[in-house]
Amino acid sequence: MSTNPYAHPNPSPQPDGSLGDLNDAQRGAVTHAGDALLVVAGAGTGKTRVLTRRVAWLIQQGLAPYRILAITFTNKAADELKRRLEELPGGAQVWAGTFHRFGSFLLRRHGADIGIDPGFTILDRDDQLSILKAIYKDLDIDPATPRPVEALSMISHVKNGGGGRPPLDLTAPGIAASFDALREHYIARLRQADLLDFDDLLLETVRLLTECPHIAEQYHQRFGHVLVDEYQDTNVVQRDLLLRVLGPDAGITVVGDPDQSIYRWRGAAVRNILEFDQDFPDAEQVLLERNYRSTGHILGAAESVIERNKGRHAKRLFTEQDDGALVKLTRCRNGEDEGTVAAQQIANWQDAGRRLDQIAVFYRVNSMSRGIELALNQRRIPYVVVAGTEFFQRREVKDALAYARLVANPKDEAAFLRVVNKPRRGVGAASLRKLRDFAAMHDLALGTAASRAEEAGMSKRAANGVKRFLALLERVRAMPVAPVAPILEALLEGSEYRATLQDSPDDLDRSRLENVDELVAYAREFGKQEPEGDLRTFLERAALVSDQDGYERGTGRVSLMSVHAAKGLEFPCVLITGAEMGYFPHARSLGDPAGEEEERRLFYVAMTRAQEELSVTHAARRQTYMGEEHRVPSPYLNDVPSSRLDNQDFAAWGAPAAWSEARQPDPDAFDFELPASASHPSEAMAALQHEAAVRESGPGLEVGERVLHPYFGAGRLEAVSGAGEDARVTIDFDAFGQKQLLLRHARLEKLP
Ligand code: ATP
Ligand code: MG
């Protein structure tokens, strides 16, 4: 039985120091006596297990736990590691977390030494964009040259020292000057308002350790050993940080698998692992070759896919498990059928005695979860969408957090812009513009300038609104910084944010209210787990949540997630959907050889999550944002020997009539209990009801009417052709021009 510390519901025994359940190579790694150790090994060979055990072993050898720094890929993994160490005396004092959390930790303590206010706020991508867009307005730069998202990627690219293919072509006419102005202002704005983006968390930490040798020295003394999991996905700045935090006498252990490097697009440099011996000439390398996770067919199929990558060092990998079940491959007619197959596959696994939380469904892009959710909803199969960031990206959750951020950092411009007029306080665009001009003229942060609203020339009404807003923040600032939940409550009540949602006639606002309440509940939970945890720590947690942090063990539900979020996890039964060109490999990587190799690694990661059952689906046609498309199966499927495959056709799963009684979809009943933690049940439900309504009303739309499409937005219905299943509509979209769509899939909404 498998015991991955991060995923499987049957937790492995606590690391009590007995090494009996390790193989020789693993034991060698755990008890390695040298200063530098590199463990490179394929999927499921026990790298993470070795890392955890090595921490325990070091403690048992007498290294004080607080002198150990363990860097994990997600915060969840760090929490898990700490939980396992609790049994050991002092185990809880091991510093475990992601690189970003570590950067944040150092900067809060010592940032002042390099001019960073310890009260800084961490910006997410959305916030970065909103600041950048405000700069576009201030500087009157045309948002088409360059587009804000491109400018942002390019800013990050430049900050990280360039290298590789730049995301923006600066030689195009007019781009360079706009970009330089944007970049300069962006950096200045962040500085002025004590804001740090994700890049800064790493870069400024490196700067801190470089410019302040006495601080670096302090950590050289402190950390006796540093360990890093998933080293293949670290970037050059992270490597730099590592080298700087590591004292001359400290030991280092890194584990990773170059075949699972899947964050190149985020700057990960697989050469960190390949050139580890250049950074540490005395490093010893341990290879692990026995895979404990998967059956023979699954491992063999995965190996035959990854073998085709050119720039790779071949590794030997074997399993002592039986071949097990063949990898099931199902061709579906379209995305809808794929949903049906997914639901049926899950039902079959359930019939064979699997618990739902032993099953995971993967997809390449998050937007694909919707189709699967619909199918599972219809069959009443409980599921959770694993997307930790999603909850924190919701409008209302971001609003509530923006209030809290302003309490912690009055200068936070992104937060100020977000909620100064939410709910409405009469602070319109014109007033804000005046305030921004005033702030720029006096070189003030927006939040600071706001206290001089009248002087800035705002209207009386707007100035009053701003005053009320600032007064609330002042009142809340006088509260104790912990516990956090009462702070949030005071803000939501005092701003009338909650009341506004409560009184709204719109159902959507009521579901927003639930999310706001969920955030308060999350704060309460945080208070229980970290009684000392103050507002800043809470905000940091919220800002550094990653997708994989959403994964919970033992929920009793199927987990739906992107392949990127599945890294490091394992499940007895895995279903990979959308195994088609365009997803595997992703369209974005086509024609870029390095990108295509990474896509192949991603597919390898997906396959190697499976322990006993692996099922793969692809559709011949699919509704994408481009309209309905023909789809070609993923070329990776051709690399799997047919002797390992059980090829199926949609028809083999039986028409929906084959559904057992108990799982018959009931068209009237959408009232089943939804998981409280499912990320967006209400949306899925709304979509489901909406779809049913559209199907019922048939074409029910008139030429000339305004309609709304989930991907293309608003447009005008130009023509309807065909009937029934084949009815097609032609729509002239405001933003995308004319498109023809299959009505059945179009999910149109009438606009008034
Ligand atoms: P990945 O490459 O996906 O991160 P990994 O190399 O980190 O995988 P682990 O997650 O540590 O691998 O281990 C994979 C599975 O094998 C886990 O369920 C783990 O408990 C189990 N395992 C590892 N080593 C042994 C062992 N010596 N005996 C029994 N089970 C083991
Ligand atoms: Mg691992």
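Here a colleague and a modeller talk through a predicted model of one protein chain.

Colleague: Let's start with the whole chain: how many helices and strands are there?
Modeller: Since this is a predicted model, everything I say is computed from it. Secondary structure in the chain comes as both helices and strands. The counts are 30 helices and 21 strands.

Colleague: What share of the residues in the chain is buried?
Modeller: A residue counts as buried when its relative accessible area is under 20%. The chain has 752 residues to sort by that rule. The buried share comes to 55%.

Colleague: And what part of the exposed area do carbon and sulfur atoms supply?
Modeller: The area that the chain exposes is about 31800 Å². Of that area, carbon and sulfur atoms supply 50%.

Colleague: Among contacts between residues at least 6 apart in sequence, what percentage join residues at least 24 apart?
Modeller: Contact here means heavy atoms within 4.5 Å. Taking the contacts between residues at least 6 apart, we ask which of them join residues at least 24 apart. That percentage is 74%.

Colleague: Let's pick one helix, then: is α2 mostly covered or exposed, and how many of its residues are buried?
Modeller: Helix α2 runs over residues 47–60, and its first and last C-alpha are 20 Å apart, close to the 20 Å expected. After α2 comes Gly62, with a positive phi near 105°. As for cover, α2 is mostly covered, and the buried count is 13 of its 14 residues.

Colleague: Where is Glu396, and which residues beyond its sequence neighbours is it in contact with?
Modeller: Glu396 sits in helix α17, residues 395–408. Its relative accessible area is 3%, so Glu396 is buried. Setting aside neighbours within four places in sequence, the contacts of Glu396 are Tyr497, Arg512, Asn515 and Val516.

Colleague: Which elements give two or more residues to the lining of the second largest cavity?
Modeller: There are two cavities of 30 Å³ or more, and the second largest holds about 50 Å³ of space. Its lining consists of Ala301, Val327, Leu329, Phe603, Met607, Val616, Leu637, Val640 and Leu645. The elements giving two or more residues to that lining are β9 (327–334) and α27 (593–607).

Colleague: How many nonpolar, polar and charged residues does that lining of the second largest cavity have?
Modeller: Leu329 and Phe603 are among the lining residues, and both Leu and Phe count as nonpolar. Sorting the lining by class gives no polar and no charged residues, and the nonpolar count is nine.

Colleague: Which residue does a cis peptide bond join to Pro423?
Modeller: Pro423 is in the loop between α18 (413–419) and α19 (429–441). The cis bond there has an omega of about -5°, and the partner of Pro423 is Lys422.

Colleague: What is omega for the cis peptide bond between Phe584 and Pro585?
Modeller: Pro585 also belongs to a loop, between β13 (571–576) and α27. For the cis bond joining Phe584 and Pro585, omega is about 0°.

Colleague: Asp140 has a positive phi; is this residue buried or exposed?
Modeller: Asp140 is not a glycine, yet its phi is about 60°. The residue lies in the loop between α5 (125–139) and α6 (148–159). With a relative accessible area of 69%, which is over the 50% cut-off, Asp140 is exposed.

Colleague: And Asp194: buried or exposed?
Modeller: Asp194 has a positive phi near 55° and is placed in the loop between α7 (175–192) and β5 (195–196). Its relative accessible area is 13%, under the 20% cut-off, so Asp194 is buried.

Methods: Residues are numbered from 1 along each chain as its sequence is written. Chains are lettered from A and ligands numbered from 1 in the order in which they are written. This is a predicted model: local features need pLDDT of at least 70, side-chain atom pairs count only at pLDDT 80 or more; totals for chains, interfaces and linings use all residues. Side-chain values use heavy atoms; hydrogens and water are left out. Helices (H or I, at least four residues) and strands (E, at least two) are DSSP runs, numbered from the N terminus. The expected span of a helix is 1.5 Å times one less than its number of residues. Buried means under 20% relative accessible area, exposed over 50%, partly exposed in between (1.4 Å probe, protein chains only). On a 1 Å grid over the protein atoms alone, a cavity is a set of points where a 1.4 Å probe fits but cannot get out, and a pocket is an open set with protein on both sides within 12 Å along at least five of seven lines; lining residues have an atom within 4 Å of a point. Grid points are joined across faces, edges and corners, and a volume is the space filled by probe spheres set on the points. Accessible areas come from the Shrake-Rupley method with a 1.4 Å probe; for residues, only the protein chains shown count as cover.
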